[in-house]
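User: I would like to go through this model with you, beginning with a charged side chain and moving outwards to the chain as a whole.

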Amino acid sequence: MIQNLRQLILNGANPKAKKVRKDLLMILESVLKAIDPYELTRRFWPKLKLEPQRYKNIYVVGAGKAVYKMTLTVESIL
């Protein structure tokens, strides 16, 4: 998720700073993965108990920054 992870770690002034940077970036990476809209939608989709075969058309409507990844998830599931 973090594109320049290696470079951010290497920018540490000394080995201790590099380790701290790496640890903090690994925590940040974990948080970003945990709140990823694609993964959240995939995880909670079964709770909707939606039976897509019962419907002729399904329309997905949304707004906001996360809607693109959420729509990709719904499309891949359907």
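Analyst: In this predicted model, D23 has a relative accessible area of 36% and is therefore partly exposed.

User: Which residue does the side chain of D23 meet in a salt bridge?

Analyst: D23 lies in helix α2 (residues 15-34), and its partner lies in that helix too, four residues apart, about one turn of the helix. The partner is exposed, with a relative accessible area of 52%. The N to O distance of the salt bridge is 2.9 Å, and the residue that D23 meets is K19.

User: Is D36, which forms a salt bridge with K69, buried or exposed?

Analyst: The closest N and O atoms of K69 and D36 are 2.8 Å apart. Because K69 lies in helix α4 (residues 67-77) and D36 in the loop between α2 and α3, the pair ties together parts that are 33 residues apart in sequence. K69 is partly exposed at a relative accessible area of 33%, whereas D36 has a relative accessibility of 9%, under the 20% cut-off, and so counts as buried.

User: What is the radius of gyration of the protein chain?

Analyst: The protein chain has four helices and zero strands, arranged along the sequence as α-α-α-α. For 78 residues the globule rule gives 12 Å, and the chain is well over that value, so it is more spread out than a compact globule. Its C-alpha atoms fill a box of roughly 60 × 20 × 15 Å along the principal axes, and the radius of gyration is 19 Å.

Technical notes: Residues are numbered from 1 along each chain as its sequence is written. This is a predicted model: local features need pLDDT of at least 70, side-chain atom pairs count only at pLDDT 80 or more; totals for chains, interfaces and linings use all residues. Side-chain values use heavy atoms; hydrogens and water are left out. Helices (H or I, at least four residues) and strands (E, at least two) are DSSP runs, numbered from the N terminus. The radius of gyration is taken over C-alpha atoms; the globule rule is 2.2 Å times the number of residues to the power 0.38. A salt bridge is a side-chain nitrogen of Lys or Arg within 4 Å of a carboxyl oxygen of Asp or Glu. Buried means under 20% relative accessible area, exposed over 50%, partly exposed in between (1.4 Å probe, protein chains only).
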